[in-house]
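User: I would like to learn how to read helix packing, nonpolar cores and local backbone features in a model like this one. Could you take me through them one at a time?

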Amino acid sequence: MNRHRAFVLTQQRLAALYTLIMGVILSLCGLGFYTALAQDHWLSLNRKLESLAGTLHDGIEPTLREPGLLEPVIEDFLPGLVCVGDLDCPESSSLGERHLAGVVQQEDYYIRLVDPSGQTLAQVGQPPEELGPQGQVEPWTTLVTPEGNSYRQVSVFLKTQSQAPWGYIQVGQSLNEYDARLRRLAWTLLIGLPLGLLGVAAASWWLAGVAMRPVYESYRQVQQFTADAAHELRTPLAAIASTVEFSLGEPHLSQPEMEHTLGVIERQTSRLGNLVRDLLLLSRIDLQVEQVPQTRCDVNLLVDEVLEEFAALAIASQVQLKRQGPEDSLWVWGDEEQLYGLLANLVANAIQYTPEAGTVTTRLQQHDGFIQIQVEDTGIGIPPDQQQRIFDRFYRVQGDRSRHSGGSGLGLAIAQAIASTCKGTLTVKSQVGQGSCFTVQLPEQPKP
Ligand code: ADP
């Protein structure tokens with residue numbers, strides 16, 4: 001399909017806009033996900049440290065007798081304890097085997113025992129040289145060594161059995177693993193996001209195309225309609241112009257020639273008038289500019305009036321007009337003039353496309369809350385592949401007679417539009433050479 005450039009541009013713009021919006025949404029989601037995960041890791045890291053420090057504190061504190069003095073039992077809790085400075089590390093007590101702090105054998109953990117001023121007394125693992133702010137011991141600290149390694153550390157206060165301050169036990173963990181995890185997550189998001197956006201861009205392009213299709217289709221129909229309307233208007237105009245030109249070129253027109261010329265002009269003008277009237281009616285129905293007030297209409301009466309109007313034409317065409325159905329009033333909701341136009345169009349077509357000695361039957365029926373009006377003829381019929389197309393604007397079955405008789409090809413399109421404004425339908429069944437049956441179905445209204 002060779003689409004108009006404006007549509008391709010609009011599709012591109014829509015796709016770009018969708019992608020941009022989705023990009024912002026995905027980025028925000030990614031950021032939220034990253035923050036939530038980082039926070040979760042951080043909290044679980046802190047909880048682990050806290051619980052380890054708490055366990056050690058509860059085990060060690062009851063054994064402490066004097067400030068600055070390590071009891072042998074501490075070795076049971078902290079195997080591999082190394083004393084710093086002048087302090088002598090006690091030998092392990094015979095209790096042994098209670099290694100509550102087995103976790104400190106993991107490489108990235110350390111445990112430190114410090115005095116109240118923050119000076120290290122003993123340690124397990126490999127704590128950073130950095131001790132944090134001297135002179136004061138914060139419960140939670142994040143230490144960064146000059147080499148750029150970070151540690152998270154918790155300090156828990158220890159006192160002796162006589163409630164004198166002993167110092168602190170500090171449990172810390174290297175943040176290398178934590179940082180690496182976050183880095184991995186960030187990279188996954190940074191690579192995944194553009195890839196996801198590529199997918200979104202492709203889907204957006206496709207979606208924009210799907211959304212544009214009906215718009216393009218109706219644009220194409222409007223273009224086709226304008227071209228057809230111009231074509232239909234040009235034919236009578238050209239006939240008038242050439243007739244006038246011919247008359248002006250003749251110095252002396254005889255009376256019959258004059259009558260012929262004026263006759264042609266009158267016919268073509270009336271054709272133009274009908275066409276313009278039909279076009280206006282269609283555009284009003286389309287735009288629903290004119291909210292025609294709908295009233296209760298008696299279909300039976302309308303059918304009688306239409307048959308009365310076409311009786312003379314039927315006699316002239318040697319077609320028999322028949323009427324079937326109940327005689328009493330049948331009510332529908334609609335505009336009387338438009339409904340009359342709908343029925344008149346069907347009956348006029350039926351007479352026009354029925355050869356001499358044929359019959360046109362108008363049948364009225366009531367069923368399931370609907371009123372059904374059928375106009376059936378024994379005429380030329382319509383080929384199956386054209387039965388839907390005859391409702392298209394300006395469509396005429398190939399080589400038919402309506403072009404010569406002044407039909408614009410708008411009649412059935414208008415009739416169908418009128419039926420749908422009354423919440424009804426207009427359908428056709430036909431067989432070539434046998435005849436056609438047009439059925440109007442309208443919702444029945446209760447009797448007034
Ligand atoms: P027109 O004003 O040209 O009659 P319509 O929209 O009323 O236009 O009809 C469209 C075409 O449908 C006609 O040109 C004709 O070919 C076909 N048609 C309509 N009614 C009948 C019918 N009763 N029998 C056969 N062909 C019909």
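User: How are α1 and α3 oriented with respect to each other, roughly parallel or roughly antiparallel?

Analyst: Two packed helices are described by the angle between their axes and the distance between the axes. In this predicted model, where local features need pLDDT of at least 70, side-chain atom pairs count only at pLDDT 80 or more, and totals for chains, interfaces and linings use all residues, helix α1 (residues 5-60) packs against helix α3 (residues 176-249) at an angle of about 155°, with the axes 7 Å apart. α1 and α3 are therefore roughly antiparallel, given that angles under 35 degrees count as roughly parallel, over 145 as roughly antiparallel, 65 to 115 as roughly perpendicular and the rest as oblique. The axes are lines fitted to C-alpha atoms, for helices over the stretch in contact, and the angles run from 0 to 180 degrees between N-to-C directions. Helices here are DSSP runs of H or I with at least four residues, strands are runs of E with at least two, and both are numbered from the N terminus. Residues are numbered from 1 along each chain as its sequence is written, and side-chain values use heavy atoms, with hydrogens and water left out.

User: What is the handedness of the crossing of α1 and α3, and which residue classes make up the contact?

Analyst: The crossing is right-handed, a label used when the near helix is turned clockwise from the far one by less than a right angle, left-handed being the anticlockwise case. The contact of α1 with α3 has 28 nonpolar residues, 10 polar and one charged, where Ala, Val, Leu, Ile, Met, Phe, Trp, Tyr, Cys and Pro count as nonpolar, Asp, Glu, Lys and Arg as charged, and the others, Gly among them, as polar.

User: Where does UniProt place the feature "transmembrane region"?

Analyst: The unreviewed UniProt entry places this feature at residues 15-37 and 185-208, and such annotations may be inferred rather than shown by experiment. In the model, residues 15-37 are 100% helix and 0% strand, with end C-alpha atoms 32 Å apart, while residues 185-208 are likewise 100% helix and 0% strand, with a corresponding distance of 33 Å.

User: Which residues have the most contacts inside the largest nonpolar core?

Analyst: In soluble globular proteins, nonpolar side chains tend to be buried together. The largest nonpolar core here has 47 residues, and those with the most contacts inside it are Leu339, Leu342, Ile373 and Phe438; a core is a set of buried Ala, Val, Leu, Ile, Met, Phe, Trp, Tyr and Cys residues joined through side-chain atoms within 4.5 Å. Its largest share, eight residues, comes from α6.

User: How do α4 and α7 cross?

Analyst: Their axes come within 10 Å and cross at roughly 30°, which makes α4 roughly parallel to α7, and the crossing is left-handed. Helix α7 also holds Thr421, which at 25% relative accessibility counts as partly exposed, the classes being buried under 20%, exposed over 50% and partly exposed in between, with a 1.4 Å probe and protein chains only.

User: What is the phi of Gln163, and where does this residue lie?

Analyst: Phi of Gln163 is near 70°, a positive value in a residue other than glycine, and Gln163 lies in the loop between β5 (150-159) and β6 (165-174), where it is exposed at 54% relative accessibility. Ala357 also has phi near 70°; Ala357 is in the loop between α6 and β10 and is exposed, with a relative accessible area of 73%.
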